[in-house]
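This report describes one protein for a reader who has not seen it before. The sequence and structure come first, and the description follows.

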Amino acid sequence: MTVEKAMPELRQRQTELTALLRERASIYPDVPGRCYSSIEALLLEQGRWFTPADLPDGAERGPERRCYANASLHSEVHGLIYVEGFALAASRLHTAHAWCTRPDGTVEDPTWGGDGLAYLGIPFTPTYLLEHEADAGAYAVLFDQHRTGWQLLTRGLPEHALAPVGLPLRLASLARQRPIKASCRCSSSSATKSSVRHGRSACRTRRTR
């Protein structure tokens, strides 16, 4: 497929995934003391797009339904960034998922291979992953929030958690649609002051793996 044909199709898939996540985010009620009402809301504000691609020749695919372990191992073996978020499968179902990314934002998915249609996620730094593993064990970062008292939803992402890769999702482009519940735009550098002004927990702190 040519680049000219691929890009509009990719944008359409990204729009489809964004709409699905917005629909899910609208279900969750605001929770006092939290920056985000849900993982979906966090991703719609902090998530980044990654470009689908085939798994490189010679790279091994891991077992199905083991995406977190597969991506973690693949990132360590190949020196890639570990990402968690939501992805749109070839079946058009969107699902919580984990994958790896190259420095240019291209996906290496050791579970689906080249079958993913759109990927929106949080790329985590190795430093933050080590912190989480020491604190909570080797569990999913975003989707095992109960193990750390919902810290990411309560405080948001700390600055050192987010790896500088991927294309940020701009909420400004979605502002004409209904707002996402319980999103918080406090910057990490002013987290303490923001918590006082808002009367709630400071934004951007920890995670789960």
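In this predicted model, helix H4 has four buried residues: Tyr128, Leu129, His132 and Ala136. They lie on the same side of H4, because the arc they cover around the axis is only 100 degrees. An α-helix has 3.6 residues a turn, so residues three or four places apart point the same way. The buried residues of H4 pack against strand S2 (81-88), strand S5 (118-124) and helix H5. On the face turned away from the buried side, H4 carries Pro126, Leu130 and Ala134, which are exposed. Just after H4 comes Gly137, with a positive phi of about 95 degrees.

**The protein as a whole**

The secondary structure consists of six helices and six strands. Their pattern along the sequence is α-α-β-α-β-β-β-β-α-α-β-α. The protein has 209 residues, and 49% of them are buried. Of the contacts between residues at least 6 apart in sequence, 73% join residues at least 24 apart. The accessible surface is about 10,500 Å², and carbon and sulfur atoms account for 53% of that surface.

**Strand S3 and its partners**

Strand S3 spans residues 94-101 and is mostly covered, with six of its eight residues buried. S3 pairs with S2 in the antiparallel sense, over eight bridges. In one of the bridges between these strands, Gly85 is joined to His97 of S3. S2 and S3 make a hairpin in which five residues separate the strands.

S3 also pairs with strand S4 (residues 107-108), again in the antiparallel sense, here over two bridges. Cys100 has Glu108 of S4 as its bridge partner. S3 and S4 likewise form a hairpin, with five residues between them.

**Positive phi values**

Several residues in this model take a positive phi, and the table lists them with their places.

| Residue | Phi | Place |
|---|---|---|
| Arg65 | about 65 degrees | loop between strand S1 (48-50) and helix H3 (67-78) |
| Arg92 | about 75 degrees | turn of the S2 and S3 hairpin |
| Gly105 | about 85 degrees | turn of the S3 and S4 hairpin |
| Gly137 | about 95 degrees | just after H4 |
| Trp150 | near 60 degrees | loop between helix H4 (126-136) and helix H5 (151-155) |

Arg65 has its positive phi although it is not a glycine, and Trp150 is also a residue other than glycine. Arg65 counts as exposed because its relative accessibility is 83%. For Trp150 the relative accessibility is 36%, so this residue counts as partly exposed.

**The loop after H5**

Which loop holds Glu159? Glu159 is found between H5 and strand S6 (167-168). Its relative accessibility is 58%, and Glu159 therefore counts as exposed. Along the sequence, Glu159 and Thr125 are 34 residues apart, while in space the distance between their C-alpha atoms is 10.0 Å.

**Summary**

H4 has a buried side that packs against S2, S5 and H5, and an opposite face with exposed residues including Leu130. S3 is mostly covered and pairs in the antiparallel sense with S2 and with S4. The loop residues Arg65 and Glu159 count as exposed, and Trp150 counts as partly exposed.

Notes: Residues are numbered from 1 along each chain as its sequence is written. This is a predicted model: local features need pLDDT of at least 70, side-chain atom pairs count only at pLDDT 80 or more; totals for chains, interfaces and linings use all residues. Side-chain values use heavy atoms; hydrogens and water are left out. Buried means under 20% relative accessible area, exposed over 50%, partly exposed in between (1.4 Å probe, protein chains only). The arc is that of the directions from the helix axis to the C-beta atoms. Contact means heavy atoms within 4.5 Å. Accessible areas come from the Shrake-Rupley method with a 1.4 Å probe; for residues, only the protein chains shown count as cover. Two strands pair if DSSP finds at least two bridges between them.
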